[in-house]
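Good morning, everyone. Please look at the structure on the screen while I describe a few of its features.

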Number of protein chains: 2
Amino acid sequence: MCENTEDGSSGFVEKRYFTFAEPPDELILENGSALGPVTLAYETLGTLNQERSNAILVLHALSGDSHVAGKYSEADPKPGWWDTMVGPGKGIDTDRYFVICSNILGGCMGSTGPGSFNPKTGEPYGLEFPMITISDMVRCQKALIDHLGIRRILAVIGGSLGGMQALEWCVRYPEMVTAAIPIASTTKHSAQAIAFNEAARQSIVADPNWNNGRYYGGIKPNLGLAVARMIGHITYLSDESMTLKFDRHLQDKTEFSYNFDVDFKVESYLRYQGAKFTERFDANSLLYITKAADYFDLKIHRESGPQTESLRQGGARFLVISFTSDWLYPTYQSKAIVKVLKRIGLDVSFCEINAEWGHDAFLINNDNLTVLVKGFLERVYRETSH
Amino acid sequence: MCENTEDGSSGFVEKRYFTFAEPPDELILENGSALGPVTLAYETLGTLNQERSNAILVLHALSGDSHVAGKYSEADPKPGWWDTMVGPGKGIDTDRYFVICSNILGGCMGSTGPGSFNPKTGEPYGLEFPMITISDMVRCQKALIDHLGIRRILAVIGGSLGGMQALEWCVRYPEMVTAAIPIASTTKHSAQAIAFNEAARQSIVADPNWNNGRYYGGIKPNLGLAVARMIGHITYLSDESMTLKFDRHLQDKTEFSYNFDVDFKVESYLRYQGAKFTERFDANSLLYITKAADYFDLKIHRESGPQTESLRQGGARFLVISFTSDWLYPTYQSKAIVKVLKRIGLDVSFCEINAEWGHDAFLINNDNLTVLVKGFLERVYRETSH
């Protein structure tokens, strides 16, 4: 489903769509409401082998999408969001593995979300869209994997919200997952992480153009969404990386403006990131996805319980990765995952990577990360494919 | 100027006003513009001794005011913002010292700020108010100290933005400061601190009721201001304290709402703090004061220079204090202050207090903090009063 090239890039990829849960067979969500039809936008790279044993499911973070690597066409200015990791010969080697990435349920990049048409009203859902959870996202991915004829996934891998989905996969479909790589993630959203999400949501809700979620076809709540993104963006970086990148450098001036224009480079950067985000992201999607993150609590820290038992029975192998400067999902949260997995008796490797770029470190080219992921996948593939 | 009582409280205090820089003798600000008249609201506790050698100037943080301790009347529901530290027998002992605290220039609690009447227009200043700096705040405090007939201050003390003012005092009026206690502060605002301030400012500016600063007498930009406060409030706490205080506890419910109402206690807390703030604080003041903080850079890290030389000549004694869980002005920033002061050859004590409550730890009753401040002040008073 993609053409690999010889220059190390993933070549051209194609966005595809899979629709399921057509009424009256709607998907019953975790909160009890029915949703259907559901469409997932997805992309694949590499080739599924005959044994269908080389599938790797990449799970994206809050603002990601199905476009994980490669380009759609030559004219495409830049490749997918994890092109540094996914491609021929790369950490997730598309010469060897069949890589699948779908846009999450609730998203705005082709999958069903609050901006999609509600068949019951003929209008975009807006706040009629039901509240979704990480578990609902994973259940949709399961439908896609079934559709692709894959019975067992070699590895689920993702950073941040993607790591939560990876963990949820291991609990919900233990019989289908051989290995999991949760990166810069957590088993439950902390109070501080909820707090930042709530500030971001209130920023959107405070924008009169949000209009209780009914802004499709009209003026969008771009000012509120931009501030929400600014808040998020700060949490994705680190004190250290911001000092390295911006320090107190001024933007296109040598003296303070003494007004409320941009003075510092970091202000200019944040304003730009905020504005740019509004061009590609739907404010309601941000509301729904942050709420799904806040609700996430895998409840595997108890000594026993169905989630813990499920994990144990699945017997997946784990590579857990954190970054030293990540203060949104700090290392102690990854260590908590590791502790549980070890207690259950699972095969788990853990690495805290020394990186100054904060939470976003998983998205940035990092040889240590690449080597770790590549080596782990090779071992799992070698030891489990017969 | 206050009556001390025997129950350990500071008794009743009175807010007073000092006005200076009447036209045509306006204050010329750091950015070159003229401002006048200027009023400072201030309060005092304790009694100035005959030698006028027991004055302590307390400098408040971003959203503080002159009401540092005690109550205005018996009906007052709560005392000033640092009543745990300031009072008879307390860390800053009003039986012994004469304590002064004034609302900063640019504030909205009685001192001249963007909400004050502009004599040139007869309207509130709004964005006609000139941009102010920490240095401008300190110059106004100097005018008040002169007015009170005090030639030398025993100690300047403050946390956060108050610590910046304390440091600025030592550089600008070295001959007037015997000792300084900057707490949870910095010599220059970091890129991350600027970033959070900019997100808060953009939240206010995005509120259509802000109306380019002209909202006085009309609808105030309370939604934007509330989000700005939410952002700030998160930075004043810590991951640890938020987990201790809120964790993932739900607010008045046992199951998720699966809508955008409040689910978690931390959401309820933030919304409450945001809304409460709008009742007492002016959005334009927040814009001006955060900008003053962002501009702050004492430039004492250079080997030489007028600021460093000034500090050296003043010869003030220092007690520098930081808190382990403060990530807004982390310990490394306090250590940087200490390093400079030691290099200059000044008498400097440093203590990092083990506290889980983040940046706000300086506002919370803490025996270690009280004992440190009390002991340091006693030593300075004993060794310098003749």
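Where in chain B is the place of Trp327(B)? This model is predicted, and in it Trp327(B) sits in the loop between strand E13 (317–323) and helix H9 (331–344) of chain B.

Is Trp327(B) buried or exposed? Neither term applies fully: Trp327(B) is partly exposed, because 18 other C-beta atoms lie within 10 Å, and a buried residue would need 20 or more. Leaving aside residues up to four places away in sequence, Trp327(B) touches Ser238(B) and Gly358(B). Please also consider Ala184(B), which is 143 residues apart from Trp327(B) along the chain. The C-alpha atoms of these two residues are separated by 9.6 Å.

I turn now to the domains of chain A. The domain assignment gives domain 1 of chain A as 16–189 + 297–384 and domain 2 as 193–292. Taken over C-alpha atoms, the centres of these two domains are 26 Å apart. To their contact, domain 1 of chain A contributes 27 residues and domain 2 of chain A contributes 21 residues. On the side of domain 1 that touches domain 2 in chain A, 14 residues are nonpolar, eleven are polar and two are charged.

Finally, how are the two chains related? A turn of 180° and a shift of 0.0 Å along the axis lay chain B on chain A with an RMSD of 0.0 Å. The two copies are therefore related as by a two-fold rotation axis. Furthermore, 100% of the interface residues of chain B are also interface residues in chain A, so the copies meet through the same surface.

How values were computed. Residues are numbered from 1 along each chain as its sequence is written. Chains are lettered from A and ligands numbered from 1 in the order in which they are written. This is a predicted model: local features need pLDDT of at least 70, side-chain atom pairs count only at pLDDT 80 or more; totals for chains, interfaces and linings use all residues. Domain bounds come from an automatic or database domain assignment. Two residues are in contact if their C-beta atoms, placed from the backbone, lie within 7 Å. Ala, Val, Leu, Ile, Met, Phe, Trp, Tyr, Cys and Pro count as nonpolar, Asp, Glu, Lys and Arg as charged, and the others, Gly among them, as polar. Copies are superposed by least squares on the C-alpha atoms of residues with pLDDT of at least 70 in both. Helices (H or I, at least four residues) and strands (E, at least two) are DSSP runs, numbered from the N terminus. A residue is buried if 20 or more other C-beta atoms lie within 10 Å of its own, exposed if 12 or fewer, and partly exposed in between; C-beta atoms are placed from the backbone.
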